[in-house]
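Here is a short tour of one protein model, written for someone who likes to check each claim against the atoms. Please keep the viewer open as you read.

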Amino acid sequence: MKASYSTLGCKLNFAETGTIAAALADRGVARINPGEIPDFCIVNTCSVTAEADRKCRRLIRSLNSRYPEAQIIVTGCYAQLQPVEVAALPGVAMVVGINDKLRIADYVCGAGAPDPVEPSKNLREFMPSCSRGDRTRYFLKVQDGCNYWCSYCTIPAARGRSRSGSIEQLVGQARTVAAEGGKEIVLTGVNIGDYGNGTDKTFLDLCRALDDVDGIERYRISSIEPDLLTDEIIDFVAGSRRFMPHFHVPLQCGSDEVLRLMRRHYLTDLFADKVSKIKAAMPHAFIGVDLIVGARGETPELFEKSRAFVESLPISRLHVFPYSERPGTRALTDIDFIVSQEEKHRRMQVMTEVSTARQRSFSEPFVGTVRPALIEHVSHGKTGGFTDNYLRVELDSVRPDLANRVVQVRLDSLSPEADKFTATVIE
């Protein structure tokens, strides 16, 4: 038997899809090669926006059209939140909730059908996941769920309450990665700074334990809420042997008024303080920032305030998203002011231009410098990877011999879009 795998959404989803694929491979279900027809199509969905839901539906319909005889098995946040809607899509043979996602291999191989999708309030089990997928980097799930309930977000309803793996369990998975030859691990979760909630362990405790695993050369923190990014974590990364100078910190809006409407757990002063402390400890650190434009309550004046705040920050890149109405969220009942789709699109363009400018400002000083880069792939005649501080590099020659190796590279020139460097290996 053969299976295809489709993943939408976050790094956590990619980690879990890889774990599902590995479990099926252990049972003799191979991943399809180009041109082959699958017996099963595994779809791991996202539901962070209405557009994410639409992409999921389009993908499922496309798979059914291409492989009409295949059984389509759908899991992930969209399946958790809208199981009846998903089950009615053409070709869907099974809808698997978050709690049973990593048991899909059992169901495919005849161990019965999954239980009906459980309400998120019943999701208490932490299901470990660590996988590489098609990349050199591994993705290690350290935490799941979220207790924050921001006014615009459905993820707590999809993923349930915050829960974590044990330090011993996660260190064991990191050691397995090292034994397999893995060099870099990305720590993933829904709200990883909340690691250890309900226990006497913290995210910093986990990072310290992982830092001692021999064989792993790099860790990256995928995303961490600003109110959970403690000064101690920043100082630890600055002095760590293996944690990279790379942070991804969601801001969502640069207006305190909108942050309050969003029910975020911080204001702009705290966010600016965290960015300042990162830069003081690690001037070369890459700082990525999530930003939502056009949220309910974001008047033109408050958008301009957000833009000005973002432009004042020494960050490296923005990930800009248009606000999406999500049924069941408090924003729909608590906030009256609505931004038109046309205005959201305009604001997206404005903030995308800000992002390009910030990325260029961050990247240009590194032209001509030498930095360590993990070479991840050879694709379409190009060899590429990322430096320690997450600068994307493309080597000036094809070097398959360097795959999964950390080498010193000289950053020769920056692309016109400021999103990658042409680099030369320093032998």
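## The largest cavity

The largest cavity in this predicted model is lined by Glu 16, Ile 98, Asn 99, Lys 101, Leu 102, Glu 125, Met 127, Lys 141, Asp 144, Arg 159 and Arg 163. What kinds of residues make up this lining? Charged residues account for 7 of them, with 3 nonpolar and 1 polar beside them. The space inside comes to about 50 Å³.

One of the lining residues, Lys 141, is worth a second look for another reason. Lys 141 also lies over the face of Phe 126, at 5.3 Å from the ring centre. That distance is within the 6 Å limit used for a charge over a ring.

## The second largest cavity

Rolling a probe the size of a water molecule over the atoms shows where empty space is left. How many cavities of 30 Å³ or more does the count give? The count comes to 2, and the second largest holds about 40 Å³ of space.

Ser 151, Tyr 152, Val 258, Leu 261, Met 262, Ala 295, Arg 296, Tyr 323, Ala 331 and Ile 335 line this second largest cavity. Helix H10 (residues 256-262) supplies the largest share of the lining, 3 residues. By type, the lining of the second largest cavity divides into 8 nonpolar, 1 polar and 1 charged, whereas the lining of the largest cavity has 3 nonpolar, 1 polar and 7 charged.

## An open pocket

Now to the second largest pocket, with a volume of about 300 Å³. Its lining has 20 residues, and Gln 82, Thr 154, Arg 326, Pro 327 and Gly 328 are the ones that lie nearest its centre. The makeup of this lining is mixed: 8 nonpolar, 6 polar and 6 charged.

Which helices each supply at least two residues of the pocket lining? They include helix H2 (50-66) and helix H3 (77-81). The largest share, 4 residues, comes from H2.

## Aromatic pairs

A search of the whole structure turns up 7 aromatic pairs. Among them is the pair of Tyr 219 and Phe 243, which is stacked, at 4.8 Å centre to centre and 20 degrees between the planes. The pair links distant parts of the chain: Tyr 219 sits in strand E11 (residues 218-221), and Phe 243, 24 residues apart from it, sits in the loop between helix H9 (231-239) and strand E12 (246-252). Both Tyr 219 and Phe 243 are buried.

Why does the pair of Phe 386 and Tyr 390 count as stacked? Their ring centres are 4.5 Å apart and their planes lie at 10 degrees, so the pair is stacked, the limit for stacking being under 30 degrees. Phe 386 counts as buried because its relative accessibility is 16%, and Tyr 390 counts as buried at 15%. These two rings also belong to a cluster in which ring pairs link Phe 286, Phe 362, Phe 366, Phe 386 and Tyr 390.

## Loop residues to look up

Two residues have a positive phi of about 65 degrees without being glycine: Asn 404 and Ala 418. Asn 404 is in the loop between strand E17 (392-395) and strand E18 (405-414), while Ala 418 is in the loop between E18 and strand E19 (421-425). Are these two residues buried or exposed? Asn 404 is partly exposed, with a relative accessible area of 23%, whereas Ala 418 is buried, at 1%.

Ala 113 belongs to the loop between helix H5 (104-108) and strand E6 (130-131). With 59% relative accessibility, Ala 113 counts as exposed, because the cut-off for exposed is over 50%. The C-alpha atoms of Ala 113 and Met 94 are separated by 8.1 Å, and the two residues are 19 residues apart along the chain.

## The whole protein

Stepping back, the protein has 14 helices and 19 strands. Its C-alpha atoms fill a box of roughly 60 × 55 × 45 Å along the principal axes. A compact globule of 427 residues would have a radius of gyration near 22 Å, and the protein agrees with this, at 22 Å. Of the 427 residues, 54% are buried.

Methods
Residues numbered from 1 in each chain as written. Predicted model: local features only at pLDDT ≥ 70, side-chain atom pairs only at ≥ 80, totals over all residues. Heavy atoms only, no water. Phe/Tyr/Trp six-rings, centres within 6.5 Å; stacked < 30°, edge-to-face > 60°. Buried < 20%, exposed > 50% of the residue type's maximum accessible area, 1.4 Å probe, protein only. Lys NZ or Arg CZ within 6 Å of the ring centre and 35° of its normal. 1 Å grid on protein atoms, 1.4 Å probe; cavity = no way out; pocket = protein on both sides within 12 Å on 5 of 7 lines; lining within 4 Å. Points joined across faces, edges and corners; volume = space filled by probe spheres on them. Nonpolar A, V, L, I, M, F, W, Y, C, P; charged D, E, K, R; others polar. Rg over C-alpha atoms; globule rule 2.2 N^0.38 Å.
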